[in-house]
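Visitor: I'm new to reading protein structures. Could you walk me through this one with a few questions and answers?

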Amino acid sequence: MITAVKGTQDLFAPEILRWQKLETAARNLFERYGFGEIRTPLLEHTELFVRGIGDETDIVTKEMYTFPDRKGRSLTLRPENTAGVMRALVEHRLCDSSAHSRLYYIGPQFRYERPQKGRYRQFHQIGAEVIGDASPGSDAETIALAADLLSASDILGPVVQLNSVGCPKCRPSYVGLLRGALLERRAELCGDCQRRLEANPLRVLDCKVPSCQPILDEAPRLDEGLCEECHAHHEKVKELLGLLGVSFQLKPRLVRGLDYYVRTVFEITSSALGAQDALLGGGRYDGLLKQIGGPDAPGFGWALGVERLLMAMPPVPEERLGRTYIAWSGEGTYARALSLARDLRARGLAVIMEHSERSFKSSLKRADRLNVRWALLLGEDELKAEKFTLKDLQTGEQEALPAGELAARILNGGAS
Ligand SMILES: [Zn+2]
Ligand SMILES: [Zn+2]
């Protein structure tokens, strides 16, 4: 037997219903905030991620699916979607068009990580990008959108964790301070951190190794080294989040796993999964477009992991699908069932029927297994009377109705 590739999964009912529910909620919410959808290819030139994400990040050094194509060009399955969106904006010269300044995406990403509960090698993200707005209000509003999406998903105990990572002007002096403080305790740090200490000390703050945590807890705070502009921006974001009713916690050593962030970074965690792992994260990335060859336009964005979000979502109550199963039996009933099904579908209903005859008993069993809400019984008596028995499998109620009243009754959700 050929199985699915390790770290990937097949999705089908009933689990897929939760995915569809989340995606629909996300699309509705993005629409309300004026975002438009963008879909970029799963495959990109490797160079895009090296330049866009940073060659010192775990993603680029350890986790990318990179391979030469048949002509020897290095391609990579996208490990995240922001770089691809930026590439598309630059390539199609969309960055100065206000019509394209608010974008969202929903789709698969690929990282070679150790598979574990809620972590897959093909995983899925929902993300938002706002291009061309440098104001703190843009940060606050886009964070509020993220918080709204988690509320719409009934996530338990969502907490917004907020920080500022400064800018190219003020960060170097903070990084110097951080390096100095960490060098004193170099021997206590894990091997990865010792290496990062040389290449990119900020990455050390991202370490998840337990023995590194006490040292990181005593490291200098990012918010103490901010320049005047970054400080003012940070204060304004906090004020506006308060105004929007989004509660948050300050996390003065929060950095995100990517090099491109400036000023605001944030994560949302859930008490349902423990505080360590974020469900959603993002921040401001003003230099990113330029870094991949575009104009010097500011940006802000976030992404959430669909698989992990679904783990934190309370189970959706079992509900029957709003479909109708036509059970037919007896002379002349098949032809009538066929035309009735066609008629009901034209009125917007979902209808299932068999094309070989079976008893009503066996039909009702099948309808139950298909988890449909409605069964429509069509026998010779019904045909003669021109009244059909509509059974609500959720409540067990049934009534006889003429064909013309069936659609309205089903759409209204049952007996009046
Ligand atoms: Zn600054
Ligand atoms: Zn470490």
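Guide: Sure! One term before we start: two residues are in contact when they have heavy atoms within 4.5 Å of each other. Also keep in mind that this is a predicted model.

Visitor: Then let's use that term. Which residues is H124 in contact with, leaving aside its neighbours within four places in sequence?

Guide: To find H124, look in strand β6 (residues 122-131). Buried means under 20% relative accessible area, and H124 has 15%, so it counts as buried. Leaving aside neighbours within four places in sequence, its contacts are W19, G107, P108, L304, G305, V306 and E307.

Visitor: How far apart in space are H124 and I106, C-alpha to C-alpha?

Guide: Along the sequence, 18 residues separate H124 and I106. In space, going from C-alpha to C-alpha, the value is 7.3 Å.

Visitor: On to the metals. What is the geometry of the site of the zinc ion (ligand 1)?

Guide: Start with who holds it: C167, C170, C227 and C230 each coordinate the zinc ion (ligand 1) through SG, at 2.2 to 2.3 Å. Four donors count as tetrahedral if all angles lie between 85 and 135 degrees. Here the angles among the 4 donor atoms are 101 to 115°, which makes the site tetrahedral.

Visitor: How many residues apart are C170 and C230?

Guide: The donors of this zinc ion (ligand 1) are spaced C-x2-C-x56-C-x2-C along the chain. C170 lies in the loop between β7 (158-164) and α6 (171-183), while C230 is in helix α9 (residues 228-243), so this pair links distant parts of the chain, 60 residues apart.

Visitor: And which residues are the protein donors of the zinc ion (ligand 2)?

Guide: The spacing of these donors in sequence reads C-x2-C-x13-C-x4-C. Their angles of 104 to 115° make this site tetrahedral too. Each donor uses its SG atom and lies 2.2 to 2.3 Å from the zinc ion (ligand 2): they are C190, C193, C207 and C212.

Visitor: Are C193 and C212 buried or exposed?

Guide: C193 sits in helix α7 (residues 191-199), and C212 is in the loop between α7 and α8 (213-217). For both C193 and C212, the word is buried.

Visitor: Now a helix. Within what arc do the buried residues of α12 fall?

Guide: Those buried residues are T333, A337, L340, A341 and L344. In an α-helix there are 3.6 residues a turn, so residues three or four places apart point the same way. Looking down the axis of α12, the buried residues line one face, since they fall within an arc of 105°.

Visitor: Which exposed residues are on the face of α12 turned away from its buried side?

Guide: The buried residues of α12 pack against several elements, including β12 (321-328), β14 and β15. The face turned away from them carries the exposed residues A335, R342 and A346.

Visitor: Last one: which residue in the turn between β15 and β16 has a positive phi?

Guide: In strand β15 (residues 388-392), 4 of the 5 residues are buried, so the strand is largely enclosed by the rest of the structure. β15 pairs with strand β16 (residues 398-401) in the antiparallel sense over 4 bridges, with F388 opposite L401. The two strands form a hairpin with 5 residues between them, and the turn residue with a positive phi, about 85°, is G396.

Note on methods: Residues numbered from 1 in each chain as written. Chains lettered and ligands numbered in written order. Predicted model: local features only at pLDDT ≥ 70, side-chain atom pairs only at ≥ 80, totals over all residues. Heavy atoms only, no water. Donors = N, O, S within 2.8 Å, 3.2 Å for Na, K, Ca; no water. Tetrahedral: all angles 85-135°; square planar, octahedral: opposite > 155°, others 65-115°. Buried < 20%, exposed > 50% of the residue type's maximum accessible area, 1.4 Å probe, protein only. Pairing = 2+ DSSP bridges. Arc of directions from axis to C-beta.
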